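Visitor: I have just started to read protein structures, and I would like to learn how the descriptive words are earned. Could you take me through some of them?

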Amino acid sequence: MEKMARVTTALGGNALTGRTMFCHLDAPANAISVCRDAAQVVVAGRNIFKIYSIEEEQFVEKLNLRVGRKPSLNFSCADVVWHQMDENLLATAATNGVVVTWNLGKPSRNKQDQLFTEHKRTVNKVCFHPTEVYMLLSGSQDGYMKCFDLRKKDSVSTFSGQSESVRDVQFSIRDYFTFAATFENGNVQLWDIRRPDRYERMFTAHNGPVFCCDWHPEDRGWLATGGRDKMVKVWDMNTTRAKEIYCVQTIASVARVKWRPECKHHIATCSMMVDHNIYVWDVRRPFIPSAMFEEHKDVTTGIVWRHLHDPYFLLSGSKDSTLYQHIFKDASQPIDRANPEGLCYSLYGDLAFAAKESLISSDSNRKPYIGDRRHPIFFKRKLDPTEQFEYISSSSALSVFETDVESGSMDWFVHTAKQYALAGRPLAELCDHNAKVAKGLDRNQVAQTWTMLRIIYSSLGTVSSTNLNHSMGKGSAALPLMNSFNLKDIPAGLGSESRLDRSKGESRTENILMDSSSTLINNEDNEETEGSDVPADYLLGDVEADEDDLYMMDHENPHAEEQEYSLPQEAFPLRHEIVDNPSALDHLQDKADSPHVSGNEAETVSLTPVESFSLISISHSLYENRLPSDFFNPIVRDTLLFYAEQGDVQTAVSVLIVLGERIRKEIDEQTQEHWYTSYIDLLQRFQLWNISNEVIKLSTCRAINCLNQASTTLHVNCSNCKRPMSNRGWICDRCRQCASMCAVCHHVVKGLFVWCQGCSHGGHLQHIMKWLETSSHCPAGCGHLCEYT
Amino acid sequence: MEPPKQPLPPGARSGDSGQRRCPFRRRGTSRGVPQEGGESSLHQLLEAFVPAGRVDHVALVMGLHPQYLSSFWKTQYLLLRMDGPLPYHKRHYIAIMAAARHRCSYLVGLHMGEFLQVGGNPAWLQGLHCAPQKLRNLNEVNKLLAHRPWLITKEHIEALLKPGQDSWSLAELVQALVLLTHYHSLASFVFGCGIKPEEEQDVGSSCWAPSPHSNSSPASGDTMGGSGATDAMQEVQVLMERMKLLQENQLEEEGVTQEEMATRFELEKTESLLVPSSDILDPSLQSNIRCFLEDPEFGYKDFTRRGEQAPPTFRAQDYTWEDHGYSLINRLYPEVGQLLDEKFQVVYNLTYNTIAMHCGVDTSVLRRAIWNYVHCVFGIRYDDYDYGEVNQLLERNLKVYIKTVACYPERTTKQIYAQFWRHFKHSEKVHINLLLLEARMQAALLYALRAVTRYMT
């Protein structure tokens, strides 16, 4: 972004300069801190304690504070801080519980100044008062915070958090007497330095330890906290109750937070584990970091802005034993890589498409959205207030493409789902039944598939293999459709997207969605038709309508006659789409056909090569040679794959269930699972709960099977004491009463209980049903007119 | 392979529940469970065990500390019966492998049954050689974690995750690691409390700790004469005094140099406490356990004295459970992180403020000494702990017991159980075992997770 390259000189005359650079340390760093003039940085860790000066081009080691032959544990630093008033003064927190101060002005090699051994456990944090030279605060694992006056030998006051270990302490920048402390149990406490007996206020900020906090440098009321629960929260402390005003969800435990200077809403974070990057967030846009530094190869343990008033230089130390200076203009911006377009397909064939406004508004003949014929659809424009440091305006536009009512109708889907028989009868009957259903809905191809399956798998006798005239090769029905997928032809493109999309259900197929959206976006870019809702949707509808007809239409001619004598063969010509391994079937193939096949293959680059010829010849020989039905498994598999690819998972799943073991091994578990989830998702979106449950039950995939076994518990509260009944559903442990009595028979209901939502009386399902057949009043005699539907 | 059975919803009973007798009913409910929790904890327990169809002996003994039991049980339930990366039968098989390392026939037997119940292939139970290669690959890590967790490196993790036919996924591996450490330490608990296999006919003597007189102290039994009893009384007094001193005068030890602190740790770490070692290759070792063992001689080894090549000390502050372990596990196997964290906290903070016959005692120093001592024998050092305290607070017999139970639990005998803290209640000895269990688990888990972290970076 060009805006970003602009470097302001907030420092007045002496702006910082430099570049992204790093140096190797000898050991992992635990913490870093900068000198006030931004020229030096101190790095501390278990085995390192050094001061580097920050030059234009590199870090230069100035001083090694870790002296002595056998450095003691006092050098093993958990934290380090450089005084912001006195550039000779440093303090470290040692893992053995010692707080050490260092005076760089000392002439000797050992700069150690004072040693406070008051904490019993590891000291996690030390902090100097921002304006008071001699005041130092420490927070330790033992649950105490101590305030030291550097002119005295012992601490001046001790604050007891009355809870687990203190993870961070920070003096407020503006309120002279206030400091904040964060705790391992998720609490944050605010203390007045003059009152060691009791905290001023306390609130629970996180679930689990709060690792860090940082006061906002400008806004006196804001405190940012980061916790193990992967959240960064910003609290407004001005009100009587701390109010959470912003919350950023990161991907790992937050180890450090640091407000970015001069940018009111920006905050830098790094994580404790797993994630090595440093992020800079705009807290108002919590979903994507505004900048990211990816240099470190192990977790970042310390981050600090180089200068109080310069927002472009960030220093960081890491477990990978490096010290980095990051320059903002070298940061990577995840937003550039994010896909700012969203696409979603509705049940009824409508397509919603959201994109950056700049992409869309260029279209002059864009019409405002008027409204849907069936359902209200939101159409929102949102303009964020653009601010100084806002790189990307976040306004976007949403377009909705509608299908016209008839073609978008999914009635066939619902009817099919309801009428198909999937189990409980012999295979042949099931196939016949389903074929009839499909036929009844004018889905001849599917009907023929079913019939064919019956023939293959239940080898019903006499099928005359009549002359098959297979001239259909070139006209493979799906071909135009598929090609359109690749073309920059918008309406068709949309059409095929939509099919795909619908069949799979958005949530399950991110990758496919990605593809499709990117195709779409290309389209949009190139041809700018996106804004015009109306044409797009009728085109979409068009394609939709085709789809089913296409098969019929194109192939009407070759098959019209065949239809009479034998269904199965007729089905074959339609199945141009099947992928197969030609090599295996070569010997069966007509020599003349094979070249043709490859030709087709070349045409349909993206999708399955066309193989109808081989198929037909197979079928031909089949009935003469009585091949075992296993022989057809690859073909059936390909049929299913084809249907699924076409967006008709319904057929694929139904066949899968009906054939069961016969075909299951042919298709890999993952694909099956995918189909099932898509189909179930679709069914549920059509609110066909019973059918979806039946499908779940009949499925043989383990992952699917357990879908309806999760969360089967129904929690009930006692109707008397309103407390949860933990033990049994019908007797309350507390009030020792049977909670659910049947209003009709006055016995305890242990199974299905039905109750009126008006008067909350109820009872055995059967009893209530019976009662309400004859009476319209509540059986309990409360006078309510109950309804049972 | 059949699809594994799903956990039954509360209220349903598994098939075998009819045959098992419910120990709660037989023994009465008030004995096993102290009254602190009151009725609600009892319900919690009942609710917890109805799905399992029985209360096993482990739960019975842990029932002395209901607060912990519920936490423990939730974790174990999640590990074995809830959604997770590993299939159910493999989880039980891993439990078998882990328990077999310590020759814990109780746990092996228990999980052999469970393994079959969830549809595991019976052939696998003939021995490790019959299990799939993938599980056999885990054996090396199993062995190390059980006996010398400090030897586990990122290369071990790498080897398991290396793509290939029998490779593990990271999520699977983390679950397996948690399972392994869970069962290694549970084996410690089983031996530490002397829990015996559940046989239909003999439930009464399920363990040597909470006998029906569960709140009485063993010293009141006939094991000791009059003089012994007074000795034991004095022990308690001395212990209490020392605890008090340590709590009050911690600052007075300032004179101790860093070197000395380090030496103290090394001393504790390398101290070899002689345990009457029963023959490891006990011929009576049941063959049904031996078949799950490879390299049975491999066991805990005392750290070598300084000068020889010892593995570098694990600095507790550099890789803590709260910060690093939790964060890692929470990413790879989210639910369990929370539960483990809760469990560690519960056990670390568990106290009734009593000690033997005295009430209102702050036992935190003592508990910390035990916890850190267990970590110490596994080579984990806390910078902020003075290991001299261990010597002050833990008498030799107790140290022998702790080290035995933590490092070679199969050598635990009733004698060493009886020898330490003779005046303490059984429930207190179980409390120690809980501390031991969790400290050991955390130690091994920290080593394992550190290796995983190193692998990932």
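Guide: What follows is a conversation about the terms used for this predicted model.

Visitor: Before the terms, what does chain A consist of in helices and strands?

Guide: The secondary structure of chain A comes to 22 helices and 33 strands. Of its 789 residues, 55% count as buried, while the chain exposes about 35400 Å², of which carbon and sulfur atoms supply 51%.

Visitor: What makes A:Asp442 exposed or buried?

Guide: The relative accessibility of A:Asp442 is 61%, and the word exposed is kept for values over 50%, so A:Asp442 counts as exposed. The residue sits in the loop between α5 (427-440) and α6 (444-458) of chain A, and its phi is positive, about 65°, although it is not a glycine.

Visitor: And why is B:Arg103 called buried?

Guide: B:Arg103 has a relative accessible area of 10%, and buried means under 20%, so the word applies to B:Arg103. It too belongs to a loop, the one between α6 (88-101) and α7 (105-117) of chain B, and its phi, near 55°, is a positive value in a residue other than glycine.

Visitor: How do you know that A:Ile267 is buried?

Guide: Its relative accessible area is 0%, and with the limit for buried set at under 20%, the conclusion is that A:Ile267 is buried. A:Ile267 is found in strand β23 (residues 266-271) of chain A, and among the residues it touches are A:Ala224, A:Val232, A:Trp259, A:Tyr279 and A:Val280. With A:Val280, which is 13 residues away along the chain, the C-alpha separation is 5.4 Å.

Visitor: A:Val232 was among those contacts; what makes its strand, β20 (residues 231-236) of chain A, mostly covered?

Guide: In β20(A), 6 of the 6 residues are buried. A:Met231, A:Lys233 and A:Trp235 point one way from the strand, A:Val232, A:Val234 and A:Asp236 point the other way, and all are buried.

Visitor: How do you know that β20(A) is paired with strand β19 (residues 222-227) of chain A?

Guide: Two strands count as a pair if there are at least two bridges between them, and β19(A) and β20(A) have 5, in the antiparallel sense. In one of these bridges A:Gly226 is the partner of A:Val232. The hairpin of the two strands has 3 residues between them, and there A:Lys230 takes a positive phi near 70°. With strand β21 (residues 243-249) of chain A, β20(A) pairs over 6 bridges, also in the antiparallel sense; A:Asp236 has A:Lys243 as its bridge partner, and the hairpin that joins β20(A) to β21(A) runs through 6 residues.

Visitor: What makes the side chains along strand β1 (residues 21-24) of chain A alternate?

Guide: A:Met21 and A:Cys23 point to one face and are buried, whereas A:Phe22 and A:His24 point to the other face and are not. In a regular strand the side chains alternate between the two faces of the sheet. The strand β1(A) is joined by 4 bridges to β28 (residues 322-327) of chain A, and the two run antiparallel; A:Tyr324 in β28(A) is the bridge partner of A:Phe22.

Visitor: Why are β14 (166-171) and β17 (201-204) of chain A said to stand at the edges?

Guide: They belong to an open sheet of 4 strands with the order β14-β15-β16-β17 and antiparallel pairing. β14(A) and β17(A) each have a single partner strand, so one side of each is left without a neighbour in the sheet. From one strand to the next the twist averages 15°. For β14(A), the pairing with β15 (residues 178-183) of chain A extends over 5 bridges, and A:Val166 has A:Phe183 as its bridge partner.

Visitor: Lastly, why are helices α15 and α16 of chain B called oblique?

Guide: The axes of α15 (residues 334-349) and α16 (residues 364-377) of chain B come within 9 Å and cross at roughly 130°. That value falls outside the ranges under 35, over 145 and 65 to 115 degrees, and the helices are therefore oblique to each other. The contact is made by B:Phe344, B:Val347, B:Tyr348 and B:Asn349 of α15(B) with B:Arg367, B:Arg368 and B:Trp371 of α16(B), and by class it has 4 nonpolar, 1 polar and 2 charged residues.

Note on methods. Residues are numbered from 1 along each chain as its sequence is written. Chains are lettered from A and ligands numbered from 1 in the order in which they are written. This is a predicted model: local features need pLDDT of at least 70, side-chain atom pairs count only at pLDDT 80 or more; totals for chains, interfaces and linings use all residues. Side-chain values use heavy atoms; hydrogens and water are left out. Axes are lines fitted to C-alpha atoms, for helices over the stretch in contact, and angles run from 0 to 180 degrees between N-to-C directions. Contact means heavy atoms within 4.5 Å. Ala, Val, Leu, Ile, Met, Phe, Trp, Tyr, Cys and Pro count as nonpolar, Asp, Glu, Lys and Arg as charged, and the others, Gly among them, as polar. Buried means under 20% relative accessible area, exposed over 50%, partly exposed in between (1.4 Å probe, protein chains only). Accessible areas come from the Shrake-Rupley method with a 1.4 Å probe; for residues, only the protein chains shown count as cover. Lists of a residue's contacts leave out its neighbours within four places in sequence.
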